[in-house]
Structures are given as structure tokens and as C-alpha cells.
Amino acid sequence: MRVVKSEIIEQKVYEAINKAVCILPDDVVDALNKAKYFEEGIAKLTLENLLKNIDLAQQKMRPICQDTGAAVFFVQIGEDVFVEGSLKGAINRAVSRAYTDFYLRKSMVKSPIERENTGDNTPAIIHFDMVPGDKITIHFMPKGFGSENKSAICMLTPADGVEGIEKFVVETVKKAGSDPCPPILVGVGIGGTFELAALLSKRALLRKVGQRHHKKYLAELEERLLEKINSLGIGPEGFGGKTTALDVFIEEFPTHIAGLPVAVNICCHVARHVKIEI
């Protein structure tokens, strides 16, 4: 049994938060650069400006976007790890400190009805999962709501099949239009239950651009959806063009014989996430 102090977790998460909001993952930057060479006119100029903003944010260690998001965490805890102290408490303390010390926008409200700001961007949204081993892996995703607000879920029936899945995903992106700041990344969750499909769609966004699903039929579906979404012509920031999405990622889970839950979680081009291993 390996013992990990909650103070160590808190400090590592604290340090990772500022990095995540200021430095975009290389795979996303590379995809934006690649897209630039396929575009022309205002679409090309828009991508150049987006890349300039990304570069300046990294140089000056300032947030890429003013919406530094709801603090979303996916935490995998090894079955052979004992956390001394509160793991949830450590993550929330790290969020509170980081969003205060680094002057990040505090976006969480205590009640969705009364709308009073919590003042430190807590509570974090934390998803826990037990896995084999003696390590803790934490994925931090600051999720802005320009794109989150355009996400959707649909309880399809088995009769709707793959055709129904494709239609729902493409229609969701089409309806979103320019609002989620394209080029976007699209996470799709298929199966499970109502709530699990949504969780799968968000977890899918942790994959690297170009990383196809290991199951061939899902990899092929990802490619078809990407092609159909880019044929919509929404383009960078909605100005038209060939690049509406940088990639589509699908995650699936077994489901009930009578169901076909499908969720779409949209992420803007500022697809921020960082991995912490302890």
C-alpha cells in the first residue's frame, strides 16, 4: 500500500492549473497550424489570429481565453493507494488558491437559481474512478461555457441506429454555429445511461487530436462525423471555411436493450487540459 499526502496532491494540482489555462496542448496547436494551410481569405486570417493569441498567452503566461472555465477533474485512483487526508478537499483547495493567486476569472455560482458567486471558482467538478495500481492520475480540464452551453444529449432508440447517431451529432454542431468558437473539438458519448453518456462525451475530449478509437467501427464513425461536420462550412469563428472541427472523439459503454443514449460535448479551439501523475 502506497501512502500519498493530500498536501502533495494539492500543490501539484495548484501548479498545473496555471499551466493549463495558459499553454495549449501541442496536438491542438499543431492541428490549428495544419488547418491554416487548407484555408484562405478570412478563414486563414482568423486562424492566424487565433494562433497569435495562443503564442502570446504562452510567452506571457496569461490565460488564452478570459473564460477560465469550470474546474473539471477526472481522477483515477490506484487501488493500492491510500490518501492521507481528503483528496476532494486537496483539489478544491488547489482550485481556490490557483484561481485567486493567478487572477483567473472566478465563474462558479453557489446556486444556479440565486447566482451568487462563490468567489474562488470552487467547488470543482470531480469524477473519481478506481483503477489497478499504486498511482493517482488527475486530468484537469478548465471547461468554458461558450462551448459547454452548446452541448446536448438525446435518448435515441435502437431503431435509430448509426444513422440516427450521425444525424444528432451533426445537427447539434450545426445548431451551435459560431457560438462555441470554432474550430471545435467534439466529444461523443454513446451508451450507458442518460448521465453516463454525458460523462463519456466529456472524457472523450481528453484524447489527442488525430488519436482514433482502437475499435475500427468507432474510428470509422469518428472520421465520417468529422467529414460531415467540416462540410457544414461554419469555419473558424463562424466566418466560413473548411475547418469547423479539428477532430471528433467517441467513447462507448454497454447499454440497455431498449436504449441508445447519445451525448455531444463541444469544446472550443482552446481545448485546455493537463495530466498530473502522482
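User: How many salt bridges does a search of the whole structure find?

Analyst: The search finds 16 salt bridges, a salt bridge being a side-chain nitrogen of Lys or Arg within 4 Å of a carboxyl oxygen of Asp or Glu. The model is predicted, so that local features need pLDDT of at least 70 and side-chain atom pairs count only at pLDDT 80 or more, while totals for chains, interfaces and linings use all residues. Residues are numbered from 1 along each chain as its sequence is written, and side-chain values use heavy atoms, with hydrogens and water left out.

User: What makes D67 and R105 a salt bridge?

Analyst: The closest N and O atoms of D67 and R105 are 3.2 Å apart, and the limit is 4 Å, so the pair qualifies. The two residues belong to distant parts of the chain, 38 residues apart: D67 lies in the loop between helix 3 (41-60) and strand 2 (70-78), and R105 in the loop between helix 4 (87-101) and strand 4 (125-131). Helices (H or I, at least four residues) and strands (E, at least two) are DSSP runs, numbered from the N terminus.

User: Why is D67 called buried?

Analyst: Buried means under 20% relative accessible area, exposed over 50%, and partly exposed in between (1.4 Å probe, protein chains only). D67 has 13% relative accessibility and therefore counts as buried, whereas its partner R105, at 40%, is partly exposed.

User: How do you know that D134 and K135 form a salt bridge, and which of the words buried, partly exposed or exposed applies to each?

Analyst: Their closest N and O atoms are 3.8 Å apart, which is within the limit, and the pair therefore counts as a salt bridge. D134 has a relative accessible area of 34% and so is partly exposed, while K135, at 52%, counts as exposed.

User: What makes K202 and E148 a salt bridge, and where do they lie?

Analyst: Their side chains meet at 2.6 Å, N to O, and this distance therefore satisfies the definition. The pair links distant parts of the chain, with K202 in helix 7 (residues 194-203) and E148 in helix 5 (residues 145-148), 54 residues apart. Both K202 and E148 are buried.

User: Why is N18 called buried, and which residues is N18 in contact with?

Analyst: N18, in helix 1 (residues 6-22), has 15% relative accessibility and therefore counts as buried. Leaving aside neighbours within four places in sequence, N18 is in contact (heavy atoms within 4.5 Å) with M61 and F102.
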